[in-house]
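User: I am new to this structure. Please take me through one part of it closely, the place where the two chains meet, and show me what lies around it.

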Amino acid sequence: MERIPILRMGNFLLVTIQVDMHDRLALQLQDDLTQRIAEWGSTGVLIDISTLEIVDSFIGRMLANIAAMARVLDAETVVVGMQPAVAITLVELGMSLTGVRTALNVESGMELLYELRGAFRPESEDEISQA
Amino acid sequence: MARQRVRQWALELRFTLVDQTKLVTAASELARNTLDHGKGGQMVMDVVEDSVKTGLRLAFEDDGPGIPDISNALRDGFTTGGGMGLGLGGSKRLVNDFDIQSEVGKGTRVTVVRWK
């Protein structure tokens, strides 16, 4: 079945959403992420949506849900890379993603996670593994 | 899916990126309504022109249960489907013209236009 890959980097999980998200895929990601957080004890989740051309209320809700579920599992979520046109549309739609932390790009998103969790930084490439 | 076709047409009409994004997002919301509430239906897309401007018109039609109280359905936060209740009201804000007709037991038709 089609799945969005979840990368593990030290205590953090990285997800890059590069495909046009359809609803089933979004729900699958929600399930997979919560599983991984519980399994690996991850303390941070970074979701890169820089290639997403639209975020509608369904996907917005999925992002908010992931952040809420992760928080309950003691992990912080940062959504990074939203395109300006998507941001304009999302706010006009009525969704301001309250409760979801955001950063402009992957780099500042990672910095924010380190700041929030003060977690150890992975020393070598060996510690990066794929789910 | 509906989103790709709308994007393609909006590109051909040379909508700005923000307008494209708004229109495609509105189409996504309305198509989801048609599927979730209307039990499936169809989208008809055409180019409309008046004396000064060009626009893209999308019509979503279903033979579903219809909407008993349209003004309620348009209100943000009102939902019967367990979502956020932003679909109808939100997509109305993303387009220029918005028309909804619905008859209980017969179905619903939503027509929107985004002018360039």
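Analyst: What follows starts with the model itself, then goes to the contact and the parts around it.

This is a predicted model. The predictor gives the complex an ipTM of 0.88 and a pTM of 0.87. For chain B, the mean pLDDT is 92, and 99% of its residues reach 70 or more.

Start with the contact. Chain B gives 19 residues to it, and chain A gives 15 residues. On the side of chain B that touches chain A, two elements give two or more residues each: helix H2 (17-36) and helix H4 (87-94) of chain B. H2(B) has the largest share there, nine residues. By class, this side of chain B holds six nonpolar, seven polar and six charged residues.

Now look at H4(B). Is this helix mostly covered or mostly exposed? It is mostly covered, with six of its eight residues buried. The buried ones are B:Gly87, B:Leu88, B:Gly90, B:Ser91, B:Lys92 and B:Leu94. These buried residues pack against elements of both chains. From chain A come H2 and H3. From chain B come H2, helix H3 (70-74), S3 and S4.

Cross over to chain A and take helix H3 (residues 84-93). Its buried residues are A:Val86, A:Thr89, A:Leu90 and A:Leu93. They cover an arc of only 100 degrees around the axis, so they sit on the same side of H3(A). The other side of H3(A) has A:Pro84 and A:Val91, which are exposed. What do the buried residues of H3(A) pack against? They pack against helix H2 (57-72) of chain A, together with H2 and H4 of chain B. Just after H3(A) comes A:Gly94, with a positive phi of about 115 degrees.

One residue of chain B deserves a stop here. B:Arg3 lies in helix H1 (residues 2-12) of chain B. Why does B:Arg3 count as partly exposed? It has 18 other C-beta atoms within 10 Å, and a residue needs 20 or more to be buried, while 12 or fewer would make it exposed. Leaving out residues up to four places away in sequence, B:Arg3 touches A:Asp20 and A:Ile54 in chain A, and B:Val24, B:Ala27 and B:Ser28 in chain B. B:Arg3 and B:Leu23 are 20 residues apart along the chain, and their C-alpha atoms are separated by 9.1 Å.

Next, the sheet of chain B. It is an open sheet of four strands, in the order S1-S2-S4-S3, with antiparallel pairing. Strand S1 (41-49) and strand S3 (97-103) stand at the edges. Each has a single partner strand, so one side of each is left without a neighbour in the sheet. Neighbouring strands are turned by 10 degrees against each other on average, direction ignored.

Within this sheet, S1(B) runs antiparallel to strand S2 (residues 54-62) of chain B, and nine bridges join the two. B:Met45 has B:Leu58 in S2(B) as its bridge partner. Two helices meet these strands. H2(B), the helix with the largest share of the contact on its side, packs on the sheet and touches S1, S2 and strand S4 (107-115) of chain B. The direction of H2(B) makes about 10 degrees with that of S2(B). H1(B), the helix that holds B:Arg3, lies across S1 and S2 of chain B and runs at about 5 degrees to S1(B).

Finally, set the partner chain in view. Chain A has four helices and six strands. From the N terminus on, its elements run β-β-α-β-α-β-α-β-α-β. Of its 131 residues, 34% count as buried. Take contacts in chain A between residues at least 6 apart in sequence: 80% of them join residues at least 24 apart.

Chain A also has a hairpin. Strand S1 (residues 6-9) and strand S2 (residues 12-16) of chain A pair in the antiparallel sense over four bridges. A:Ile6 stands opposite A:Val15 in S2(A). Two residues lie between the strands of this hairpin, and A:Gly10 in the turn has a positive phi of about 60 degrees.

Back at the contact, the two sides link up. The buried residues of H3(A) pack against H2 and H4 of chain B, among others. The buried residues of H4(B) pack against H2 and H3 of chain A, among others.

Terms used
Residues are numbered from 1 along each chain as its sequence is written. Chains are lettered from A and ligands numbered from 1 in the order in which they are written. This is a predicted model: local features need pLDDT of at least 70, side-chain atom pairs count only at pLDDT 80 or more; totals for chains, interfaces and linings use all residues. Two residues are in contact if their C-beta atoms, placed from the backbone, lie within 7 Å. Ala, Val, Leu, Ile, Met, Phe, Trp, Tyr, Cys and Pro count as nonpolar, Asp, Glu, Lys and Arg as charged, and the others, Gly among them, as polar. The arc is that of the directions from the helix axis to the C-beta atoms. Two strands pair if DSSP finds at least two bridges between them. Axes are lines fitted to C-alpha atoms, for helices over the stretch in contact, and angles run from 0 to 180 degrees between N-to-C directions. pLDDT is the predictor's confidence in each residue, from 0 to 100.
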